[in-house]
Amino acid sequence: MRYLPLTPEDRAAMLNTIGAASVDDFYDDVPQSARLSGTIDGLPDHQGELAVERHLARLSEKNRTASDGPFYVGAGAYKHHVPASVDMIIQRSEFLTTYTPYQPEIAQGTLQTLFEFQTQVAAMTAMDVANASMYDGSTACAEAAVMACRATRRKKVVLSGGLHPHYAAATRLLCEAQGIEVIELEPAIDSELELANHVDETTACVIGQSPNVFGTVTDLSPVADAAHAQKALLVSVFTEAVSLGLVTPPGEMGADIAVGEGQSIGNPLTFGGPYVGLFACTQKLVRQMPGRLCGETVDADGARGFVLTLSTREQHIRRDKATSNICTNSGLCALAFTAHMTLLGGKGFEHLAQLNHEAACDLADALSAVPGVEILTPRFFNEFAFETSINADAVLAMLDERGVLGGVRASRLLPESGMGNVIIAAATECTTQEDIAAYAAALKEVI
Amino acid sequence: MGMQTIGRPTTPTASGEGAGSTVSGAKGLLQREDLIFEVGDIDKTGVDLPSPKGGKDRLGGVQRKRRTELPGLSEPEAVRHYMRLSQRNYAIDLGLFPLGSCTMKHNPRLNEKAARMAGFADIHPLQPQHTVQGALELIDELATWLKTLTGLPAVAMSPKAGAHGELCGMLAIRQALIARGEGDARKRVLVPASAHGTNPATAIQCGFIVDEIKADARGRVDMTDLRSKLEQTDDIAGIMLTNPNTCGLFETDIREIADLIHAAGGYFYCDGANFNAIVGRVRPGDLGVDAMHINLHKTFSTPHGGGGPGSGPTVLSDALAPFAPVPGVVKDEDGFHLVENAEGEAREAFGRMVAFHGQMGMFVRALTYMLSHGADGLKQVAEDAVLNANYVQARLNHIMTPAFEGYCMHEALFSDAFTADGIDTIDIAKALIDEGYHPMTMYFPLVVHGAMLIEPTETESKQELDRFCDALADVAQRAAQGDDGLKGAPYLAPKKRLDETRAARKPVLKWTPPAPEAIAAE
């Protein structure tokens, strides 16, 4: 077997050194009733690379990729271009096959990139500090809610009607398990500012999203003011990290905690994961943060170096008093993110955001020229909701038959919202003028 | 005309002089590399994008006010930046990485190739389901492997990592108790003192209280303590037990523990971090387990990536299966379907833990690994992992102090009893760095003084193990003799020992531009 270096002779010699008759001796503590004889039934035996690769290729080929034709599916994950050098960097063995940097003397590569990642995320979100990543945007959102409750010693959170429904579900789950009350406002396309009317002296935080799940961008400053007046916190969420290059970032709106999905930068779609959760907050809240933090220090020679720090917040030190149970996070996805950001630079990032916005503007212009289409999202970055008089499921299926994956039906995410005819469509720098023309032409045929 | 040296063999002159600092800051092949903020430029970029057309704006004024001020690099500069940084990292591909409880085994490159197939990497989680039948089939196939290997009837695929899988299992237990009408009455979760820190942290996240149970002199659950806890309380929700445990030992009384917990009305959560020791030889379902997460990034070889991403599918018993979170994949005559909402057969689901469907990229890698090994290979994996650990223990137990008597499973645990006064576990760990190895897990589990937990995994050859044991034996001898030189180790790593106290006292968590007077002074 190609991954196992021991030879039969090695095994015999090693058993001899140990003084054991066979490996069965090591399993003596296993109850007799649970010892298997032979190999487990129902599974195939080992196979060579060629056979395995064929098996996987057969499954892969059954899927239609986002590059196979005009593609407008977004709502929390986005089709962007990833530079070839990013994938090469993350396949570098020293990054790919190492562990969490617990031994900083031989992990400065990982640690310095995490320090750079934290600096980039703080700058992009306009927040004071960022951690070294979470699993994804939705779990970062849930952690932000319980962190706000810890920081304020209150037990109520309010979610906007534009928060991604999966984020709302993950947040509700974690909060309710901890006895935290969750108030969810009615789903609505342009309702983030409603949060300002739902904050009182018992509220730990309000959670708003911009761009929200319908693509609507909102300046949440009035919500921040209303929250702060009651000593509550504003958690500001985004699912499209590229928007930070153009849209008002959380820190400019008075957010106390900013969380979001970083997949768009450096990470492929991969059917929903692995992604990279971004988590940033004000300096005041730093000791309440979940997850790893990388900090600067010096070594015994006085040379600059980096270490994991403030670990007294974390489970491996504080156990049942930790700020979170998170351990492994999204290190390699964070590396992809930071490498892509380094290639873009601030100017390139703003440029990329502008291209995304223009693609969506062009798409909105083309679709709204189709009779029967109403664009519902009043202000958007690269994604918007629109409505026709026909059920969205049927529209998307007919578009699909014409080679266009036209977006996400709102009812898939919000089955009980009464938005049966609403489609959420995203455009990015990957969207071409031909793609847009194809979408408009196909839509004209089907409605 | 200078002397022609091409083709002439060099003859080194014996001299230790001249070593030390260089003008460039490099140490030979190890190049100096500053932060991107010190070498990059905001106007520089390594990505060529078409020019924006301008003129269109539908932001409604919700626009960024201050620029990000982040530097960029051209592609050659960026590639060098990361290559130079990479050379400051230790990695499995460089050598043995014996971190106990972390299962740092070889990460096959075929896994990486498969995960990058366009049909897996370039598909969106919300595409129409008929366009992703191969992806759903893969999830279903992996689920079948996991259920078969564990002997449990259901698996939740969406948890993002081990600790997230723990959360999944414990939330399933919480929901089962709620369904029994005992959600408020049963809040106590028993956790051994030797458990991973994630176990108590997870229990608290689920609204439980943690009650610690002792370890006995053999490194197993103290059955007297367990029985008395169960007799004195009537609010048991369950137990969280790692098996093989964090001392590298199989819990001898595991069947009895399961029976006792079940009789007390609780559920048995097994931390599956150490599944590598028993995969293919023992099915946790046969041990009375109700829920167990599986770290695909440990047992099933997906890379650790410097701290993730992981993946923590969680297998569930019949008692807990109805409460599994959404989404799930089901098959009918039309093909594979995602159940995305708590309705129909998922009506008792405890909820949704995460956006979308789980760590697909890790699923592809894990299935690739399983197909490569097959049922026969996986059994050999467990046996070689256990053999390698016992070999390390046998080679070192005359020099170091084994924490417990007898054979170990997949990891060998030593205490610091053999060291001279003034020499600590950390000194041994740091000296191993100079010998070219990543240190073992240190000071964990907490139940052993100065613990050193060594997990070599099955992907090490006997020759590599011998080299490692020779090196560790020498360091251990020096520790026993009180060699003060160990206190300064590592001497040969890219960095000397780092000041973690200083880092925590006044945290510097991002780069900030130097003050203008500092620039002027340079």
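**Two chains, their domains and a seven-stranded sheet**

In this predicted model, the domain assignment of chain A gives domain 1 (84-340) and domain 2 (346-446).

Reader: Thanks, that helps me find my way around. What distance separates the centres of domain 1 and domain 2 of chain A?

Author: Happy to help. The two domains of chain A do touch, with 16 residues of domain 1 in contact with 21 residues of domain 2. Taken over C-alpha atoms, the separation of their centres is 28 Å.

Reader: By class, how many residues on the side of domain 1 of chain A that touches domain 2 of chain A are nonpolar?

Author: Domain 1 of chain A brings 16 residues to this contact. Among them, four are polar and two are charged. The nonpolar residues number 10.

Reader: Now for chain B. How far apart do the C-alpha centres of domain 1 and domain 2 lie?

Author: Here the domain assignment gives domain 1 (112-370) and domain 2 (377-492) of chain B. Their contact takes 18 residues from domain 1 and 19 residues from domain 2. On the domain 1 side there are nine nonpolar, seven polar and two charged residues. The C-alpha centres of these two domains of chain B lie apart by 30 Å.

Reader: Which helix of chain A gives the most to the side that touches chain B?

Author: Between the chains, 173 residues of chain A are in contact with 174 residues of chain B. By class, the chain A side has 84 nonpolar, 57 polar and 32 charged residues. The top contribution, 21 residues, comes from residues 331-368 of chain A, which form helix 10.

Reader: Let's look inside chain B. Which strands are the edge strands of its open seven-stranded sheet?

Author: The sheet has mixed pairing, and its strand order is 1-7-6-5-4-2-3. An edge strand here pairs on one side only, and in chain B this holds for strand 1 (154-156) and strand 3 (209-213).

Reader: On average, by what angle are neighbouring strands of this sheet turned against each other?

Author: The sheet in chain B is an open one of seven strands. With direction ignored, the average turn between its neighbouring strands is 25°.

Reader: Which residue of strand 5 is the bridge partner of B:Gly238?

Author: Strand 4 (residues 236-242) and strand 5 (residues 267-271) of chain B pair in the parallel sense over five bridges. One of the partnerships joins B:Thr242 to B:Asp271. B:Gly238 also partners B:Val189, while in strand 5 its partner is B:Tyr267.

Reader: What is the hand of the crossover from strand 4 to strand 5 of chain B, right or left?

Author: The path between these strands goes through helix 9 of chain B. Helix 9 (residues 254-263) packs on the sheet and touches both strand 4 and strand 5, its direction making about 165° with that of strand 4. This β-α-β crossover of chain B is right-handed.

Reader: Why is strand 4 of chain B largely enclosed by the rest of the structure?

Author: Strand 4 of chain B also runs parallel to strand 2, joined by three bridges. Helix 8 (residues 223-232) of chain B packs on the sheet too, touching strand 2 (188-192), strand 3 and strand 4. Strand 4 of chain B is largely enclosed because its buried residues number seven of seven.

Technical notes
Residues are numbered from 1 along each chain as its sequence is written. Chains are lettered from A and ligands numbered from 1 in the order in which they are written. This is a predicted model: local features need pLDDT of at least 70, side-chain atom pairs count only at pLDDT 80 or more; totals for chains, interfaces and linings use all residues. Two strands pair if DSSP finds at least two bridges between them. Helices (H or I, at least four residues) and strands (E, at least two) are DSSP runs, numbered from the N terminus. Axes are lines fitted to C-alpha atoms, for helices over the stretch in contact, and angles run from 0 to 180 degrees between N-to-C directions. Two residues are in contact if their C-beta atoms, placed from the backbone, lie within 7 Å. A residue is buried if 20 or more other C-beta atoms lie within 10 Å of its own, exposed if 12 or fewer, and partly exposed in between; C-beta atoms are placed from the backbone. A crossover is right-handed if, with the strands pointing away from the viewer, the path from the first strand over the helix to the second runs clockwise. Domain bounds come from an automatic or database domain assignment. Ala, Val, Leu, Ile, Met, Phe, Trp, Tyr, Cys and Pro count as nonpolar, Asp, Glu, Lys and Arg as charged, and the others, Gly among them, as polar.
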